[in-house]
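Open the model in a viewer and keep the selection panel at hand. The stops below go from one selection to the next.

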Amino acid sequence: MIKSKAERTKQFIIEKTAPIFNAKGYVGTSMNDIMNATGLTKGSIYGNFENKDEVALAAFDQNYNTIVSYLRKQIEVRPNMIDRLLVYPETYSVFLDLPFLKAGCPILNTSVEADDTHPLLRAKAVNALKFWKTAIEKSITTGIERNEIKASTNANEFSFILMSLIEGAMMQAKVTGSSEVLKVTMNYLEKMIKDLKA
């Protein structure tokens, strides 16, 4: 389907501003940042978006969808559920080297900033976490059904732990600029996943 000029401009604004919102946050990203990144005037931006909120929400979707599609590509080529779960520690152990994750996880960044200040962004982060948790639980449940994962595995608990280890390690790595915490935590997570094997 061919996009109209307005749709293309809107997408251009989203793509150019998404990394800035992820790095600087909603409050830290100014209209000047948006104008500098896009080379457009304030009028052009507001001709496509009602306000900064709308740009920020679209930027979150862009950042989140980039990660989801990257992970999905890695996961879909692996038929075994243990191997699929191993995509997480493999990806996040090198997140500082992945251009779209360099500024950190958009879910974590948004959660920290918007938990009390921006209900719409907070809702997006909550939905993203729910979606991620459901995907992990589904992999575990399918793995149990196929006798690839131990029947005693609690999908709910394991998904919480996996997500907490990833987000906690990313936060520390981002703040310190050191990948040591990532290496240690992702190695630990890898062992945990391999231990699920039936």
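## Stop 1: Ile149

Select Ile149 together with its contacts: leaving out residues up to four places away in sequence, Ile149 touches Met81, Ile82, Leu85, Ser139, Ile140, Gly143, Ile144, Leu196 and Ala198. The model is a predicted one. Ile149 sits in the loop between H7 and helix H8 (155-176). Is Ile149 buried or exposed? Its relative accessibility is 1%, so Ile149 counts as buried, the cut-off for buried being under 20%. For a distance check, pick the C-alpha atoms of Ile149 and Thr185: the two residues are 36 apart in sequence and 21 Å apart in space.

## Stop 2: Asn147

Stay in the loop between H7 and H8 and select Asn147, which is found there too. What is the phi of Asn147? Asn147 has a positive phi of about 60 degrees, although it is not a glycine. For most residues other than glycine, phi is negative. Asn147 counts as exposed because its relative accessibility is 62%, and exposed means over 50%.

## Stop 3: the whole chain

Zoom out and colour by secondary structure. The protein has nine helices and zero strands, so the order of elements from the N terminus reads α-α-α-α-α-α-α-α-α. Along the principal axes, the C-alpha atoms fill a box of roughly 60 × 40 × 30 Å. Of the 198 residues in the protein, 41% are buried. Among contacts between residues at least 6 apart in sequence, 65% join residues at least 24 apart.

## Stop 4: helix H1

Select residues 5-28, which form helix H1. A straight helix of 24 residues would span 34 Å at 1.5 Å a residue, but H1 spans only 29 Å between its end C-alpha atoms. Where is the kink in H1 centred? Look at Asn22: the kink there is about 80 degrees. Asn22 is also one of the buried residues of H1. The others to highlight are Thr9, Ile13, Ile14, Thr17, Ala18, Phe21, Gly25 and Tyr26. When reading such a list, recall that an α-helix has 3.6 residues a turn, so residues three or four places apart point the same way.

## Stop 5: the largest pocket

Turn on a surface and go to the largest pocket, which has a volume of about 470 Å³. To find its centre, select Arg72, Ile75, Tyr88, Phe131 and Ala135, which lie nearest to it among the 19 lining residues. Helix H4 (52-76), helix H5 (81-92) and helix H7 (119-145) are the elements that give two or more residues to the lining. Which helix gives the largest share? H4 does, with seven residues. Coloured by class, the lining shows 13 nonpolar, two polar and four charged residues.

## Stop 6: helix H9

Finish in helix H9 (residues 180-194), with Val184 selected. At 53% relative accessibility, Val184 counts as exposed. From Val184 to Ala169, 15 residues apart in sequence, the C-alpha distance is 8.9 Å.

Now select Met192, placed in H9 as well. Met192 has a relative accessibility of 18% and therefore counts as buried. Which residues is Met192 in contact with, leaving aside its neighbours within four places in sequence? They are Phe158, Ile161 and Leu165. Between Met192 and Phe158, 34 residues apart along the chain, the C-alpha atoms are separated by 9.3 Å.

Definitions and conventions: Residues are numbered from 1 along each chain as its sequence is written. This is a predicted model: local features need pLDDT of at least 70, side-chain atom pairs count only at pLDDT 80 or more; totals for chains, interfaces and linings use all residues. Side-chain values use heavy atoms; hydrogens and water are left out. Helices (H or I, at least four residues) and strands (E, at least two) are DSSP runs, numbered from the N terminus. The expected span of a helix is 1.5 Å times one less than its number of residues. The bend at a residue is the angle between axes fitted to the seven residues ending there and the seven starting there. Buried means under 20% relative accessible area, exposed over 50%, partly exposed in between (1.4 Å probe, protein chains only). On a 1 Å grid over the protein atoms alone, a cavity is a set of points where a 1.4 Å probe fits but cannot get out, and a pocket is an open set with protein on both sides within 12 Å along at least five of seven lines; lining residues have an atom within 4 Å of a point. Grid points are joined across faces, edges and corners, and a volume is the space filled by probe spheres set on the points. Ala, Val, Leu, Ile, Met, Phe, Trp, Tyr, Cys and Pro count as nonpolar, Asp, Glu, Lys and Arg as charged, and the others, Gly among them, as polar. Contact means heavy atoms within 4.5 Å.
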